[in-house]
Amino acid sequence: AMMLGITGRTFAIQQRVEQQTLEISRNNAALLENQSHLLLEKEKYQNLLQASGDGIHILDLQGLVREANPTFCDMLGYSYQEIIGMSVLQWEANISPEDTIKKIHENFNRANVFETRHRRKDGIVFDVEVSAKAISINGETLLWNASRDISDRKSAELERARLQAIIMEAPDFIASSDMSTHLTFLNPAGTRMAGLPEPVDLSDLEIKDFHPAWAAKRVVDEG
């Protein structure tokens, strides 16, 4: 009877060991699968960073750089080693430090696209458009930012505004039309010369209303 009791306990122990071994194997398989998934996600994340034409930089809640891509490093003129751990306050050139930190916190709570100015390592300041969005990396919430240099766009806008001001102040008759010869613009001097009330309604006005037939035809033919 004692031998049967020992045999029964041994069998029960063996069953428990086998069950635990099976559970460990299952846990190891799940762990390996999870690690494989994390590696794929990390590779995908790194590829996104490296391939982006925008200046990608990832910040923590204090505004410190956790990660950055080569485009952002080149944009600011810093090496990768220099830029990791830097504070956003070191390159933000448009708003105060207090407002900068406040904006970071706002961006953590809501995705945002805004314009500001960055300062390079050499002191040059340039215009950027920043897209910001909170993301989770390894269970930690961080702020993904993509800076795009819009200096050329800003220069074009300023030049357009300058030309617009010249046209509006010019003493000459200046107008534009569409391909069907309907007026799309008439400057104040042209409005006064034509004896039209301001603001002028262009909806029924054509080139022929201001030029003789031969001149209107030449304008249309020569563009």
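The following dialogue examines how terms are applied to a predicted model.

Mentor: In this predicted model, local features need pLDDT of at least 70 and side-chain atom pairs count only at pLDDT 80 or more, whereas totals for chains, interfaces and linings use all residues. Residues are numbered from 1 along each chain as its sequence is written, and side-chain values use heavy atoms, with hydrogens and water left out.

Trainee: What makes up the secondary structure of the chain?

Mentor: The chain has seven helices and seven strands, in the order α-β-β-α-α-α-β-β-β-α-β-β-α-α. Helices (H or I, at least four residues) and strands (E, at least two) are DSSP runs, numbered from the N terminus.

Trainee: Why is Phe72 called buried or exposed?

Mentor: Buried means under 20% relative accessible area, exposed over 50%, and partly exposed in between (1.4 Å probe, protein chains only). Phe72 has 0% relative accessibility and therefore counts as buried. Trp91, also at 0%, is buried. Buried residues make up 27% of the 223 residues in the chain.

Trainee: What makes a set of residues a nonpolar core?

Mentor: The set must consist of buried Ala, Val, Leu, Ile, Met, Phe, Trp, Tyr and Cys residues joined through side-chain atoms within 4.5 Å. The largest such core has 20 residues, and those with the most contacts inside it are Leu59, Phe72, Leu76, Ile83 and Trp91. At least two of its residues come from each of strand 2 (65-68), helix 2 (70-76), helix 4 (97-109) and strand 4 (125-137). Apart from it lies another core, of five residues, including Leu186 and Ile207.

Trainee: Which residues is Phe72 in contact with, neighbours within four places in sequence aside?

Mentor: Contact means heavy atoms within 4.5 Å. On that basis Phe72 is in contact with Gly55, Ile56, His57, Ile83, Trp91, His118 and Ser147.

Trainee: Why is the pair of Phe72 and Trp91 called edge-to-face?

Mentor: Rings of Phe, Tyr and Trp (its six-membered ring) pair if their centres lie within 6.5 Å; planes under 30 degrees apart count as stacked, over 60 as edge-to-face and the rest as tilted. The search of the whole structure finds two aromatic pairs. For Phe72 and Trp91 the centres are 5.3 Å apart and the planes 75° apart, so the pair is edge-to-face. Phe72 lies in helix 2 and Trp91 in the loop between helix 3 (80-83) and helix 4, 19 residues apart.

Trainee: How do you know that the pair of Phe173 and Phe210 is tilted?

Mentor: Their centres lie 5.5 Å apart, and the 55° between the planes is neither under 30 nor over 60 degrees, so the pair is tilted. Phe173, at 30% relative accessibility, counts as partly exposed, as does Phe210 at 24%.

Trainee: What makes Arg153 and Glu157 a salt bridge?

Mentor: A salt bridge is a side-chain nitrogen of Lys or Arg within 4 Å of a carboxyl oxygen of Asp or Glu. The closest N and O atoms of Arg153 and Glu157 are 3.8 Å apart, so the pair qualifies. Being four residues apart in helix 5 (residues 151-169), the partners are separated by about one helical turn.

Trainee: How do you know that Glu159 and Arg162 form a salt bridge?

Mentor: Their closest N and O atoms are 2.7 Å apart, so the 4 Å limit is satisfied. These partners are three residues apart in helix 5, about one helical turn. Salt bridges that share partners also join Glu115, Glu129, Arg153, Lys154 and Glu157 into one network.
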